[in-house]
Amino acid sequence: ELSVDCGQVIRARAVVIASGAQYNKPKIDNLKKFEGQGIYYGATYIEAQLCGKEAAIVVGGGNSAGQAAVYLSQTASKVHMLVRSKQLSDTMSRYLIQRIEENPAIEMHYCTEIVGLDGDTQLERVTWRDKNTGERSTHDIRHVFIMAGASPRTDWLKGCVLLDDKGFILTGRDLDSLSHSFNWPLPRAPQMLETSLPGVFAVGDVRAGNVKRVAAAVGEGSISIYLVHRALAEL
């Protein structure tokens, strides 16, 4: 049974959870105003073309931020990478750190955060602050890529299915080592996209281990329908 916020109860023999994840957004005034007009949450070919040969900022210290900085550095005149912590080694793969350190088009700014965005309809200027010194500086940069990760917003699932420490839904083999944590009633093991609750599947960004790409989410959605039919055949 599924209970929705209007009070209705829906009965189903199988459920596919595809609620995605929400980008983690820093608390900056005017952030929403410039989304899509200079503020981006992905660094694909399309955003790179919008940026052209102009300077860009990448916010974040994880692998996605590092990959974005390296990718954008191929066309942008300069990529300023803003990281809140003192180093990258805790949150980024070693090979990416090496590529960034050896790339003259990428300039690192540790212990730094954006505190201001300015412009008319398009982002035109960015102000950032050095957290160590408190010094603020304003730069004529029109493109900011925020790569601060995403949260699945799965509080409503706590106590229903097993989640990882970040709130993403655990499925398939990721449940093997946690079999003592839940009561699995079937003689078979959970299927590839099946959660700790038989007949309930998770696909896309909400699932732990998903690569956070549209193509992957679409593929998992297609596979889940096949798995749902298998689960229904058992009943």
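The expected span of a helix is taken as 1.5 Å times one less than its number of residues, and this rule is applied in the first of the close-up views below, all of which show a predicted model.

**View 1. Length and two sides of helix H4 (residues 214–233).** With 20 residues at 1.5 Å a residue, helix H4 should span 28 Å, and its end C-alpha atoms lie 29 Å apart, which agrees with that expectation. Along H4, the residues Glu220, Ser224, Leu227, Val228 and Ala231 are buried. Seen down the axis of H4, these buried residues fall within an arc of 115 degrees, so they line one face of the helix. On the other side of H4, Ala215, Val218, Ser222, Tyr226, His229 and Ala233 are exposed. The packing partners of the buried residues of H4 are strand S3 (15–17) and strand S14 (200–202).

**View 2. The largest nonpolar core, with Val58 and Met81.** This core has 22 residues, and Val58 and Met81 are those with the most contacts inside it. At least two residues of the core are supplied by each of helix H1 (45–51), strand S6 (56–59), helix H2 (63–72), strand S7 (79–83) and helix H3 (94–101), and H2 gives the most, with 5 residues. When its neighbours within four places in sequence are left aside, Val58 is in contact with Ala65, Ala68, Ala69, Leu72, Val79, His80, Met81, Leu82, Phe145 and Met147. A second, separate core of 17 residues includes Phe34, Ile39, Leu117 and Val144. As general background, nonpolar side chains in soluble globular proteins tend to be buried together.

**View 3. The buried side of helix H3.** In H3, the residues Leu96, Ile97 and Ile100 are buried. Around the helix axis they cover an arc of only 100 degrees, which puts them on the same side of H3. The buried residues of H3 pack against H2, S7 and strand S8 (106–110), and H3 is also one of the elements that each supply at least two residues of the largest nonpolar core.

**View 4. The largest pocket and its lining.** The volume of the largest pocket is about 1200 Å³. Its lining is made up of 34 residues, of which Ser64, Gly149, Val211, Lys212 and Arg213 lie nearest the centre of the pocket. H2, strand S13 (150–151) and H4 each supply at least two residues of this lining, and the largest share, 4 residues, comes from H2. Helix H2 thus appears in this view as well as in the view of the largest nonpolar core, to which H2 gives the most residues.

How values were computed. Residues are numbered from 1 along each chain as its sequence is written. This is a predicted model: local features need pLDDT of at least 70, side-chain atom pairs count only at pLDDT 80 or more; totals for chains, interfaces and linings use all residues. Side-chain values use heavy atoms; hydrogens and water are left out. Buried means under 20% relative accessible area, exposed over 50%, partly exposed in between (1.4 Å probe, protein chains only). The arc is that of the directions from the helix axis to the C-beta atoms. Contact means heavy atoms within 4.5 Å. A nonpolar core is a set of buried Ala, Val, Leu, Ile, Met, Phe, Trp, Tyr and Cys residues joined through side-chain atoms within 4.5 Å. On a 1 Å grid over the protein atoms alone, a cavity is a set of points where a 1.4 Å probe fits but cannot get out, and a pocket is an open set with protein on both sides within 12 Å along at least five of seven lines; lining residues have an atom within 4 Å of a point. Grid points are joined across faces, edges and corners, and a volume is the space filled by probe spheres set on the points.
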